[in-house]
Structure formats: C-alpha cells, structure tokens
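I set out to record what I looked up in this structure, entry by entry. The entries follow the order in which I made them.

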Amino acid sequence: MIKISNMQKFWLSLILASPMLLQMVLMPFHWIIPGYTWIAFLTTTLIMLISAAPYWKSAWAAFKHHNANMNTLVAVGTSVAYFYSLFAMLTGRAVYFESAALVTVFVLLGDALEERMHSSASNALSKLLNLQVKEADVLTNDQYSKVPLEKVQVGDIIRVRPGEKIPVDGVVTKGTTHVNESMVTGESLPVSKKTGDEVIGSTINMDGLLIFRATKVGKDTALAQIVELVKKAQTSHAPIQNLTDRLSSIFVPAVLIAAIVTFVIWFVFLGAPAVQAMLFAVSVIVIACPCALGLATPTALMVGTARSAKLGVLIKNGQALEEVNHVKTVVFDKTGTITAGKPVVTDVIGNQQKVLQIAAALEVNSEHPLASAVMAKAKQYQLRYSQATDFQNIEGKGVKAAVDGQNAFVGSAKLMTTYQMADDLKTEMTRLQNDAKTVVLVGLAGQVIGLIAIQDTPKKTAAQAISELKARGLKTVMLTGDNQRVAQAIGSQVGIDQVIAGVLPNEKADHVKALQQDGQVAFVGDGINDAPALTVADVGIAMGSGTDIAIESGEIILMQNDLMGVVRALEISKKTFNRIKLNLFWAFIYNLIGIPISAGVLVGIGLQLSLSWLVWQWLSHRFRWLLRHYY
Amino acid sequence: MQLVVLAISLGLIAFIIWWFFGSHEEKTSDAQISDNQQESTIVVDGGYSPSTLVLKKGVPAKVKFQMNDSTACLSHVVFEKLGIDKDLTKQKMTAIEIPTDQATEFDYACGMNMFHGKIIVKD
C-alpha cells in the first residue's frame, strides 16, 4: 500500500466529503441532491477505508492491551455512525453518513496540524545546536588551517577572526576583543576578553583577532550541555501532572460508560426513539477530548523551558518549575553569590595618588588577594610607580621595602612600630573597620601617609534583585561564614531581611532545614560547600559561574553571574506554571461542560446539539488550544 | 425490548470496567544478547508490545521501536529520565540507545502520556 501522510489523507477525504458538505448547505432550502444516499454511502465508505481504518486498527490494538485513548473514541464514534447508517440505508431509514465522514476528516486535520506544530516546537531546540560552526581555524605545523569541527581536540590552538564564531569552549592565549555571548548566556552586552579569559563556543567574536586553546569540545561544550539539559527538562514531569495522568488513564473508559448511560437514560427511561438516543451517545463520544488533559503540561513545559534557556536561566525539570512557585524564603550564600567574591579597594584615605603609588610599588610582586585589589585600583588610575628594593615579606602582616631611598610599608597596624599616625587617620581607620572593611596602612619615611580600605563588595544588581524579591513578598536570608560585623555590613548594603553569620561550611544545609519549618526554601549558591544546601533546599539555584558540583546539585542554573537571574527564574516559572494551570482548567471545563450538553442534559431548555455543531465545537477547542501553545 | 437494552448496557459497562480497570498480566520479555550487544524490538501498535522489556546491566543496549500505527497518538516516544523525545514516524524502525551502566528502570510513554511502557535494567 502506498504510504500517504495525514495531510494528504485529509485533503483526499475532504474532497470525498464535499458532496455531503454541499448537501448540508442545501438542506435549509429543501434541496436534495439526486441519489444522495448512494453518493454518501460510497464516499463515506472510501473515507472510512482510507482515513478511519487506521484509527480503528490502532484502537483495536490498544483495546487488546487493555488500553483506551483518543483513537478509541474516534473509532467508536465513527464506526457507530457508519454502521448504523449502513443499517438505516438497507432498511430505508434516515442516514447519518456525513457525521462519520466529517468527524474523520476533522480528526485527521487535527492530527496533521498537531504533528506539524509539534515538530516545529522541538526544532527550536535543535536550532540551538545549529548555532555551531562547521569548521575551526586550527594551528598545525605552525600554520592555521581549516579543520572540521568534529576533529577539533582539547588543547588545539584556534584562531578566530573578528566577526567569526568561536568554534568550541576554551581559554584565550592571545589577543583582546569583545564577544557577543547573548546566544548562550542571554547577556545582551558584549563581554570583553583578554588572555586567560574563558570563551564559550558558538559565541561571536566582535572586534579583535583572538587566539585560544580549546578546553572543551563536542558533547562537553557549554552549548551542548545546555541543549542536553533543556531536552531533559522538556520531557520531565511536573507534580501537578500526577492528577491528570491518573485521570487520563480512566478518562476514555469513563466516557464510553457515560455514552452507554446516556443511551440507556434516553431510550429506556425517557422513551426516546433509539436513533435519537444513539445520536446523543455518539455526541458524548465525539466531543470528549482526553488529549487536552494529557498535553496541558508537556506543551507548557516545552515552551517555558526553551524560553527561559534563551534568557540565561536553565530549569532542569518540571518539578523545580512547580516548586519555585511555592517558595516563601530565598536564602543566599554570600561570597560569590551576593558579592563578587573578589575583594576590591573601596576607599583610599590621604593623598590618593601618593598612597596608591607607594602601595603599588610594594605590592607589585605579592600574590596576596588584598594585593591584587590594590594593583587593580592602581591600574584603573594608570598610575606610574617606582621600583622598590629590599623587599621584606612579613607573613600575615604585610610588606616592607625601600622606595626611592625611603623606608616604606604596606600592611596591618602591627607593622607600624615606630611610624607616626595622625589622629584623623586613626578616626578614619575605626570608621572603616566598623563598616566591616579590611584596612591596610601605608607608611613612608616614619609617617603613616594613608589608608586603603578593601572589601568584597556586592554585585551591581544584588540590591535590585533583592528588593524585587521582597516586593514579591519573599523573605530574603544571607548565610555566611564571615563574622557578624562583615556580614551585617554587606547585608544592609543590599537590603537583605536576615543575616546568619559565622556559619561553618557543613552547617549551611542545617540552616536551610531550619528555615524550611516556615515554608519552602530556595537556596542560591555557587561553591563546593553550597552543594549540600542546594540539595536540601526545595529549589537549588546555582550560579553558572560556580563550581561543577554546585551546578550538578542545583535544579535551576543561572548562566549569567547575576542575581537578577533569580528574579527571572521566578518570573518564568510563575508564568509557565500559570499556563499549565490555565490549560488544565480549559481542558477540564471543556469536558465537564461539553459532555453533559452532548448527552442532552439541557434539551429541556431547548439546547440540543446537532452532530455537526459538536464537531465544530470540538475542533475549535482543539485548535484554539494548539494555537495557544505554539504561537 | 427496553429491559433487554438495559441488561445489555449494564453488561457492557461491567465489561468495560473489568477490561480496562481490572488487573491484567503484562507481557514482559528479555533482550537478545550477542557479541556483547543487546538488541530488542518493541512494536508500536495501539500500545507497546512488549510493554516491559528487561535489559542486562553492563551490556550496551539498543532498543528499536517498530512503528505499525499511523495515528498521531503514538507518533512520539518520550523517555522522561533520559531527555529523549523521538518522532517515530520518520522511519519504520527507530533505534534508541539505552544506558545500561546501572540497574534502574526507565519509564517511557507516548507524547500525551496515555500509553506507557517500561525498560528494566538488571544484573
């Protein structure tokens, strides 16, 4: 047999059904096509053979498995209408061939459209993978040459010209440029890259020549991982589905029983003619739509997770998406989550230039984190500084050296010894320390000439994100191992509700558990020590810049190192979840109202449905629903 | 006449309840193993047969879905845990690789979650 698609079957059946459609239009004028019964019989028989038979076959196979589904309803509805009409034709009664034919035609159209839309929705994801380039410019034997992407290996040195796509993940070895990473992280502003920075495959190199070493290829690249994650999320289950799953398994048999009951009530108890009773029963079968119940959640999940991935928020499964909606408290880790995790110079007291010059001269060779904060500041001001000599590194206190023939030091007050310090500097020092800043003294030739205050500062958007969370009625909590003073200072800068300080790394999960007493908790973190808390929390949100174990433990991953992602994750989850609820509502309402009306419950007040009207209703329901999902 | 119809209807309802909701034995089958590779075919026709397939742990497995059903209901097969959502209508046989590195169960279903099947990985 030639295989024809559902779309082709639809057109063929529609053409075959056209005489019956014409007759329906002519009916009000009392015109009847000559030999209508025979035409209807022949065309409907063809439609049944070509289009309805597969539904009968599938329904029968399902029946043997003790299963019933949409196909069962279609098969029962069309076969009852067809075989009754056959019987009616032979015995000279009114026929209902057009009902059998039209139900088949429209069910086919629905199936064909659904197939097409489903494939275009899942294609959106594979398009993500198509973002990859096909070739890379790889250094081999001192020359760059084009190599197919599959052949690129970890450790290869790759060149990317301005305007080209970066083929795989790696670390820059030469060149500075800006990179558009929006397709992977959702960040719309180009990100600047220099030697040592990481680049992500499939992002676009904007303005500089870039040489980098491949660190991740094939399945391991960020993009491939994202696609894999979103795929899993799209097929995952949301707990709300448990109800519909249970319902949909009994739905079809229940509808069949309802149809039989309808027939019995009309025929046996109300004394209606058998034909009338049968039409009501068939209507019940035809109007019921179990698909809407079964598809309400998956389609919303599919769209929601793909959309959020575009915004740089990866939701790993439907459960997380549902749980986020019940969250009452959002708990943040401090270092690396609320703060940047890198100390920076916040204040310079004294002659700024002079103080920084001396400090830079002494710290230039130091690897202490505080030293890199000082050097970053000096670089920012493009300061020139002299070469220092006679370095003396005093462990845990600071550095002593000679600058331009004068003794100098940078470090804590313990290094001050014989140095003089003005009273106003002392007051400033106390003030800065009260703000939970680390204060470094800079001394030159027997005098403390200034102070440098250093602090791990909150990320730019932290305060905004927290205020938006609070505006949503959520309680915000910060957990940190820092002392109370430092923690409180950061906490009040970003406006957090509650600060829990002095928490040992292994206690984080316990604190989350304690907070769960008051409602569901989301935990936002990035470090290895956050993994237990991420797992214990109802929803774990991991920063994408965080450690692999944190990302593994979290259910939601923020691709941008930005707390606004938490707000976005909540927003998208809420939207998607509301969409699921709306879909379920319509699916229920439609069946709850449609079935009784079809059964003739409202006939008493003159509301009786013709089969064609029912078909029309069913269709508009199914299509409205398809359109809502995919467009 | 009325009474006969009533009796038949009640009988029909009883049959529907027994047929669809009663407990019925499910077909289970084991995969064929050859050359350290196991392969099995699941026929898709108004459901999955066998609906429960047992695979041996540690042997690379390929499960083929043979599509004998042309209606939209069963056009996709979804393995929730594996993130697989495959369109079965593209060709007659669609092979899916199932990880067998640990003993576990993979539930699968059609796109609308009306039909269910299960793959069990055991020692």
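**Entry 1: surroundings of K9(A).** I looked up the contacts of K9(A), leaving aside its neighbours within four places in sequence, and found I4(A), I50(A), S51(A), P54(A), L108(A) and S70(B); contact means heavy atoms within 4.5 Å. K9(A) belongs to helix 1 of chain A, residues 6-26. For secondary structure I relied on DSSP runs, numbered from the N terminus: helices are H or I of at least four residues, strands E of at least two. I then asked whether K9(A) is buried or exposed. K9(A) counts as buried because its relative accessible area is 8%, the classes being buried under 20%, exposed over 50% and partly exposed in between (1.4 Å probe, protein chains only).

**Entry 2: basis of the values.** I noted that this is a predicted model, in which local features need pLDDT of at least 70 and side-chain atom pairs count only at pLDDT 80 or more, while totals for chains, interfaces and linings use all residues. Residues are numbered from 1 along each chain as its sequence is written, chains are lettered from A and ligands numbered from 1 in the order in which they are written, and side-chain values use heavy atoms, with hydrogens and water left out.

**Entry 3: the interface of chain B and chain A.** I recorded 40 residues from chain B and 48 residues from chain A in the contact. The two chains bury about 3,700 Å² between them, 67% of it on carbon and sulfur atoms; buried area is the accessible area (1.4 Å probe) that two parts lose on being put together, summed over both. Of the area that chain B buries against chain A, F20(B), M112(B) and M114(B) supply 18%, more than any other three residues.

Which side chains meet in a salt bridge? I found D45(B) and K57(A), at 3.5 Å from N to O. The rule finds one salt bridge across this interface, and it requires a side-chain nitrogen of Lys or Arg within 4 Å of a carboxyl oxygen of Asp or Glu.

On the side of chain B that touches chain A, I noted at least two residues each from helix 1 (2-21), strand 4, strand 7 (76-79) and strand 8 (84-87) of chain B. Helix 1 of chain B gives the largest share, twelve residues.

**Entry 4: backbone geometry.** Most residues other than glycine have a negative phi, and most peptide bonds are trans. I looked for departures from this pattern. The peptide bond between S49(B) and P50(B) is cis, with omega about 0°. P50(B) sits in the loop between strand 4 (48-49) and strand 5 (52-56) of chain B.

In chain A, the loop between strand 1 (135-140) and strand 2 (143-148) contains N141(A), whose phi is positive, near 50°. D142(A) is found in the loop between strand 1 and strand 2 of chain A and has a positive phi of about 60°. N141(A) counts as exposed because its relative accessibility is 75%; D142(A) is exposed, with a relative accessible area of 74%.

**Entry 5: V324(A).** I located V324(A) in the loop between helix 10 (318-323) and strand 11 (327-333) of chain A. V324(A) is buried, at a relative accessible area of 6%. Leaving aside neighbours within four places in sequence, I listed its contacts as V539(A), I556(A), L570(A) and S573(A). I556(A) is 232 residues from V324(A) along the chain, and their C-alpha atoms are separated by 9.7 Å.
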